[in-house]
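Hello,

Here is the structure I said I would pass on. My notes on it come after the coordinates.

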Amino acid sequence: MSKLIQDIEQLAIIANQLEPTPRTRNQQLEQLQQFANQFISSIPQSKAYFGGNSAPEQFVIDEQPKSLESLLNTYKSQVAQKGINAASSGHLGYIPGGSLFTAALGDFIVDISNEYAGMYYGSPGAVAMEEAVLNWMKSVFQFPKSAIGNLTSGGSIANLIALTAARDHHGIKGDLIEKSVVYLSEQTHHCIHKAFRIIGLSDIQIRHVPINDRFKIIPEKLNAKIEQDRNDGLNPFLVIASAGTTDTGAVDPLQAIGAIAHKNQLWYHIDAAYGGFFMLVDSKKHLFEGIDTADSLVIDPHKSLFLPFGIGAVLVKDRQAVFQSNHYRPNYMQDAFSDDVLINPADVSPELSKHFRGMRIWLPLQFHGLAPFKACLEEKLLLTQYFREKLIAAGFSVGPEPDLSVSYFWYPSKTIDQNAFNQSLLNYIHQDGRVFMSSTIIQGQFVIRMALLAFRTKLETIEVAMKMILAAKKKVENDFK
Ligand SMILES: *Cc1c(COP(=O)(O)O)cnc(C)c1O
């Protein structure tokens, strides 16, 4: 035998450890199954927030192999039991994501077969499945079939793709940048500002359109601002509305803003990362009237479709504008191109190799059907109402009637500084940890936010939250005595 073959065989003996035997695979799957079942069944008893823990220290990579059991134990203690438990029924902070079991099954299968979802040539099935998911979204949001879309890692990258298209459609470059104007509200998500910096538009003019007392853009003010800027020789090119702001869940008047944007020939972008899929709920449909007039739209299935983190979506009507930055034909990929196939996801996004995200949304949607998703969204809306009623009955003040499932409250202490009181209240809520909530500042006032979007949040969650809040309030009152 040649030396070369001998060496290869020697190496293969070691390298083959990367492919566990069927017996080992079964053992590993069993351990995983146990872990998953134990994790999910313990959610009702476990905390939504593990505050005050020391920083995780056990991830240092050394060269020695370890047992799966010990690694899962490390995961449990150093990952799953630190910070926010984002799979918990009690996660009411920021904008919760979900963690549907069926989505995890989809991810597992995708990782096993490792489909290459960047190019149609590599995996026509994967690309067609993602296209079907995007087509479904187009039908939900009444976008034309000719619109182009992409399943991204989340809302931030989805917004980045949409804003890049807006930039290229209007040819915003060189000397034009400083004269170009975007209209948005101060409630717009900060990832939009990040996107402007990333795509070379940090020097554009940003106009904050005034909002009303429900945090919604006042369309008449938008019109006036655009006219003013035109008269001043500037170049208005983009209007951004939110369908569900992060802070308060407000849906801007989409139709009226769209009409003004189009009358002025501006690109109309809607960020519906949080709120988008509430359009599936009949009682909320009216809020989304005009969403179909957007030139580009962002929605986050890892928020309002209860999927695990790692999936956002963007729809854009003008394909050429999206292609301008993302379409590329490298020589080494010449085999992969043909004009009569579906669009390559790689031509719509900065990603080339990408996670095949379509499966983690297609599988749950097809397996469960749409009804449980709609019911779960509507349940969150009613729970929000219920929670607010409970808070009011217990002497708390609450923000205005919310459009969706984000609201806020504070205790209107007469004797103690209100901001100090509520900050301290939140600290005790965090210390307790059964239900996690975050805070924000509304018109200079410290308030506690409640964002109901975790699919496991139920009536019982609200009862626990109320008990926790009242116990925390007692502690604050004692402290200030
Ligand atoms: C969450 C959110 C984003 C950012 O999306 P990620 O998925 O976190 O990247 C953008 N806009 C709004 C309104 C959001 O709620």
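The notes below go through the ligand site, two helices and a few single residues.

Please keep in mind that this is a predicted model.

Ligand site

The shell around the ligand has 14 residues, and the nearest of them are G155, S156, D271, D300 and K303. Sorted by class, the shell holds 8 polar, 3 nonpolar and 3 charged residues. Two helices, α6 (155-169) and α10 (301-304), each contribute at least two residues to the shell. The biggest contribution is that of α6, with 3 residues.

Three polar contacts may be useful if you set up the site. An oxygen atom of the ligand is 2.7 Å from a backbone N or O atom of G155. The side chain of T246 places an N or O atom 3.2 Å from an oxygen atom of the ligand. On the nitrogen side, a polar side-chain atom of D271 is 2.6 Å from a nitrogen atom of the ligand. The ligand taken alone exposes 380 Å², and the protein buries 85% of that.

Helix α7

Helix α7 covers residues 190-198, and its buried residues are C191, I192, A195 and F196. Why do these residues lie on the same side of α7? They span an arc of only 150° around the axis, and therefore they share one side of the helix. As background, an α-helix has 3.6 residues a turn, so residues three or four places apart point the same way. The exposed residues H190, R197 and I198 are on the face of α7 turned away from the buried side.

Several elements cover the buried residues of α7, among them α6, β4 (180-184), β5 (205-208), β6 (235-242) and β7 (267-272). Thus α6 appears both in this cover and in the shell around the ligand. After α7 comes G200, which has a positive phi near 75°.

Helix α11

In helix α11 (residues 319-326), the buried residues are A321, V322, F323 and N326. Their cover includes β3 (148-152), α6, β7 and β9 (312-316). The N-terminal end of α11 is capped by D318, with a side-chain oxygen 3.0 Å from the backbone nitrogen of Q320.

Single residues

S349 sits in the loop between α11 and α12 (358-368). Is S349 buried or exposed? With a relative accessibility of 4%, S349 is buried, because buried means under 20%. Leaving out residues up to four places away in sequence, S349 touches N150, I161 and N326. N326 is also one of the buried residues of α11. A polar atom of the S349 side chain lies 2.8 Å from the backbone nitrogen of E351. S349 and L72 are 277 residues apart along the chain, and their C-alpha atoms are separated by 34 Å.

R388 belongs to helix α13 (residues 371-393). Its relative accessible area is 9%, so R388 counts as buried. Not counting neighbours within four places in sequence, R388 is in contact with V398, G399, P400, E401, P402, S407 and M450. Of these contacts, M450 is 62 residues from R388 in sequence, with a C-alpha to C-alpha separation of 9.5 Å.

N231 is in helix α8 (residues 219-231). At 68% relative accessibility N231 is exposed, because the cut-off for that class is over 50%. From N231 to I429 there are 198 residues in sequence and 52 Å in space, C-alpha to C-alpha.

Backbone angles to check

Which residues have a positive phi although they are not glycine? N114 is one, with a phi of about 50°. N114 lies in the loop between α4 (101-113) and α5 (124-140), and at 62% relative accessibility N114 is exposed. Q142 is another, with a phi of about 55°. The place of Q142 is the loop between α5 and β3. Its relative accessible area of 48% makes Q142 partly exposed.

Regards

Note on methods
Residues are numbered from 1 along each chain as its sequence is written. This is a predicted model: local features need pLDDT of at least 70, side-chain atom pairs count only at pLDDT 80 or more; totals for chains, interfaces and linings use all residues. Side-chain values use heavy atoms; hydrogens and water are left out. A residue is near a molecule or strand if one of its heavy atoms lies within 4 Å of it. A polar contact is a pair of N or O atoms within 3.5 Å; within protein, one must be able to donate a hydrogen and the other to accept it, and residues adjacent in sequence count only if both atoms are side-chain atoms. Accessible areas come from the Shrake-Rupley method with a 1.4 Å probe; for residues, only the protein chains shown count as cover. Helices (H or I, at least four residues) and strands (E, at least two) are DSSP runs, numbered from the N terminus. Ala, Val, Leu, Ile, Met, Phe, Trp, Tyr, Cys and Pro count as nonpolar, Asp, Glu, Lys and Arg as charged, and the others, Gly among them, as polar. Buried means under 20% relative accessible area, exposed over 50%, partly exposed in between (1.4 Å probe, protein chains only). The arc is that of the directions from the helix axis to the C-beta atoms. Contact means heavy atoms within 4.5 Å.
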